[in-house]
Amino acid sequence: MSIQTNIQEVRQRIAAACGECGRDPKEITLVGASKMNDAAACREAIAAGIDVLGENRVQEMTAKLEQGAYEGAPLHFIGHLQRNKVHQVLGKAVLIHSVDSLRLARQIE
């Protein structure tokens, strides 16, 4: 199944769920985890209408940034973030989902 087809199916399921509970599907942000996918797949997901790409490994994120993988969609960091790698994520990811300690939050601040 193609990335575009997957995104379309997920959007349809989101729309159905929103219809059942009275929400507007436009309120939902579809975050695609780009783990283990190359830069071309990321660009394909963006072209297919993904709202946000989420990366879970700093090394993959930095490599894909160099390849322009996330152009056209916001980048979120969704994986475990070590304090010694915070500087590599700050200014690149617009949101870090995985802040798991006060020390890490202070370092990000």
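In this predicted model, strand 1 and strand 2 (residues 52–55) run parallel and are joined by three bridges. Two of the residue pairings can be named. Gly 32 stands opposite Leu 53 of strand 2, and Ala 33 has Gly 54 as its bridge partner in that strand. Strands of a sheet pair through backbone hydrogen bonds, in either a parallel or an antiparallel manner.

The pairing of strand 1 with strand 2 belongs to a wider arrangement. The sheet is open, has four strands in the order 1-2-3-4, and pairs them in parallel. Strand 1 (31–33) and strand 4 (95–96) stand at its edges; each has a single partner strand, so one side of each lacks a neighbour in the sheet.

Strand 2 also shows how side chains are distributed about the sheet. In a regular strand, side chains alternate between the two faces of the sheet. Here, Val 52 and Gly 54 point one way from strand 2, whereas Leu 53 and Glu 55 point the other way. All four of these residues are buried.

Leu 53 leads from the sheet to helix 2, through Ala 45. Ala 45 lies in helix 2 and has a relative accessible area of 8%, so it is classed as buried, the limit being under 20%. Apart from neighbours within four places in sequence, Ala 45 is in contact with Ile 3, Ile 7, Ile 50 and Leu 53. The C-alpha atoms of Ala 45 and Ser 34 are 9.1 Å apart, with a separation of 11 residues in sequence.

Ile 3 and Ile 7 bring the description to the packing of two helices. The axes of helix 1 (residues 3–21) and helix 2 (residues 39–47) come within 9 Å and cross at roughly 40°. Since angles under 35 degrees count as roughly parallel and those from 65 to 115 as roughly perpendicular, the two helices are therefore described as oblique to each other. The crossing of helix 1 past helix 2 is right-handed. Helix 1 contributes Ile 3, Gln 4 and Ile 7 to the contact, and helix 2 contributes Ala 41, Glu 44 and Ala 45. Sorted by class, the residues of this contact are four nonpolar, one polar and one charged.

The connection that leads from strand 1 to helix 2 contains a residue with a notable backbone angle. Met 36 is found in the loop between these two elements, and its phi is near 65°, a positive value in a residue other than glycine. With a relative accessible area of 61%, Met 36 is exposed, in contrast to Ala 45, which is buried.

Helix 3 is also placed against the sheet. This helix lies across strand 2 and strand 3 (75–77), and runs at about 165° to strand 3. Gln 59 is found in helix 3 (residues 58–66); its relative accessibility is 48%, so it counts as partly exposed. Gln 59 and Gln 88 are 29 residues apart along the chain, and their C-alpha atoms are separated by 9.0 Å.

Beyond the edge strand 4, the chain enters the loop that leads to helix 5 (102–108), and Ser 98 is placed in this loop. At 14% relative accessibility, Ser 98 counts as buried. Not counting residues up to four places away in sequence, Ser 98 touches Phe 77, Ile 78, Gly 79, His 80, Leu 81 and Leu 104.

Technical notes: Residues numbered from 1 in each chain as written. Predicted model: local features only at pLDDT ≥ 70, side-chain atom pairs only at ≥ 80, totals over all residues. Heavy atoms only, no water. Buried < 20%, exposed > 50% of the residue type's maximum accessible area, 1.4 Å probe, protein only. Axes fitted to C-alpha atoms, helices over the stretch in contact; angles between N-to-C directions. Parallel < 35°, antiparallel > 145°, perpendicular 65-115°, else oblique. Left-handed = near helix turned anticlockwise from the far one by under 90°. Contact = heavy atoms within 4.5 Å. Nonpolar A, V, L, I, M, F, W, Y, C, P; charged D, E, K, R; others polar. Pairing = 2+ DSSP bridges.
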